[in-house]
Amino acid sequence: MRRALLAVALGGLVLAGCGGSSGTSDKEYRADADAICASIKSQRDRLPPASNIDELRAVARSTIAINTEALRKFKELKAPDDLKAPHAVIVARLAETLQLQQRALKTKNPKSPALQTINVRAGQARAALLAAARQAKLPRCAQL
């Protein structure tokens, strides 16, 4: 159970990201977003499974690097007017997810109430991000 909680907080929160675009059309935005999300999933799928806490922390650091790059790319993307609201939610929730992952990585005690709180907040951030991805009609991002 402890490892499961730590795994959620540390590694299971990679969500969405997007590449650069002029944001001139919904179609371009969606293509860029889903291409980045496909890349994120591919990168995550290549991470080795963790069999102990040290390995889990290493996977978490890699996940944080993947999420950081996704957030950077997502911030560069200019959403069309009708997709600005879900785009803003995705950016905000991805940033929150990164902060939570970094806090979880620093947590020494996997049973701590702080880590449990991080897990709850991370789940809420993930749910909001996935809902925004569905609203923006980003199928690959909504499946992360």
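**Figure 1. The whole chain at a glance.** From the N terminus on, the elements of the protein chain run α-α-α-α-α. In other words, welcome to a chain with 5 helices and 0 strands. Please keep in mind while looking around that this is a predicted model. Of the 144 residues of the protein chain, 44% count as buried. Among contacts between residues at least 6 apart in sequence, 75% join residues at least 24 apart. The close-ups below visit helix pairs, salt bridges, a loop residue and a backbone angle.

**Figure 2. Helices α2 and α3 side by side.** Two packed helices are described by the angle between their axes and the distance between the axes. For α2 (residues 26-45) and α3 (residues 53-76), the angle is about 175° and the axes are 11 Å apart. This makes α2 roughly antiparallel to α3. Which residues of α2 and α3 meet here? From α2 come Y29, I36, I40, Q43 and R44, and they meet I66, A70, K73 and F74 in α3. By class, the residues of this contact of α2 with α3 divide into 6 nonpolar, 1 polar and 2 charged.

**Figure 3. Helices α4 and α5 pack together.** Next comes the pair formed by α4 (residues 84-106) and α5 (residues 113-135), which pack at an angle of about 155° with their axes 9 Å apart. Angles over 145 degrees count as roughly antiparallel, so α4 is roughly antiparallel to α5. The crossing of α4 and α5 is left-handed. On the α4 side, the contact is made by P86, V89, I90, R93, L94, E96, T97, L100, R103 and A104. On the α5 side, look for L115, I118, R121, A122, Q124, A125, A128, L129, A132, A133 and Q135. Sorted by class, the contact of α4 with α5 has 14 nonpolar, 3 polar and 4 charged residues.

**Figure 4. A salt bridge between K41 and D45 in α2.** Side chains of opposite charge can pair when their charged atoms come close. In this view, K41 forms a salt bridge with D45, and the closest N and O atoms are 3.0 Å apart. Where do K41 and D45 sit relative to one another in helix α2? They are 4 residues apart in that helix, so about one helical turn separates them. K41 is partly exposed, with a relative accessible area of 40%. Its partner D45 counts as exposed, at 53% relative accessibility.

**Figure 5. R93 and E96 pair within α4.** Here is another salt bridge inside a helix: the side chains of R93 and E96 meet at 2.9 Å, N to O. R93 and E96 are 3 residues apart in helix α4, which means that they are separated by about one helical turn. Is E96 buried or exposed? At 17% relative accessibility, E96 counts as buried, whereas R93 is partly exposed with a relative accessible area of 27%. Both R93 and E96 also take part in the contact with α5.

**Figure 6. D81, a loop residue with a partner.** D81 is found in the loop between α3 and α4. The side chain of D81 meets that of K84 in a salt bridge (3.2 Å, N to O). At 66% relative accessibility, D81 counts as exposed, while K84 counts as partly exposed at 45%. Take a look at S25 as well: D81 and S25 are 56 residues apart in sequence and 9.1 Å apart in space, C-alpha to C-alpha.

**Figure 7. A network of salt bridges.** Which residues are linked in a network of salt bridges? They are E69, R72, K73 and E76. K73 may look familiar, as this residue of α3 also belongs to the contact with α2. For the overall tally, the count comes to 8 salt bridges.

**Figure 8. K137 and its positive phi.** The last stop is K137, in the segment after α5. Most residues other than glycine have a negative phi, and most peptide bonds are trans. What is the value of phi for K137? Phi of K137 is near 60°, a positive value in a residue other than glycine. K137 is exposed, with a relative accessible area of 58%.

Conventions
Residues numbered from 1 in each chain as written. Predicted model: local features only at pLDDT ≥ 70, side-chain atom pairs only at ≥ 80, totals over all residues. Heavy atoms only, no water. Salt bridge = Lys/Arg side-chain N within 4 Å of Asp/Glu carboxyl O. Helix = DSSP H or I, 4+ residues; strand = E, 2+ residues; numbered from the N terminus. Buried < 20%, exposed > 50% of the residue type's maximum accessible area, 1.4 Å probe, protein only. Axes fitted to C-alpha atoms, helices over the stretch in contact; angles between N-to-C directions. Parallel < 35°, antiparallel > 145°, perpendicular 65-115°, else oblique. Left-handed = near helix turned anticlockwise from the far one by under 90°. Contact = heavy atoms within 4.5 Å. Nonpolar A, V, L, I, M, F, W, Y, C, P; charged D, E, K, R; others polar.
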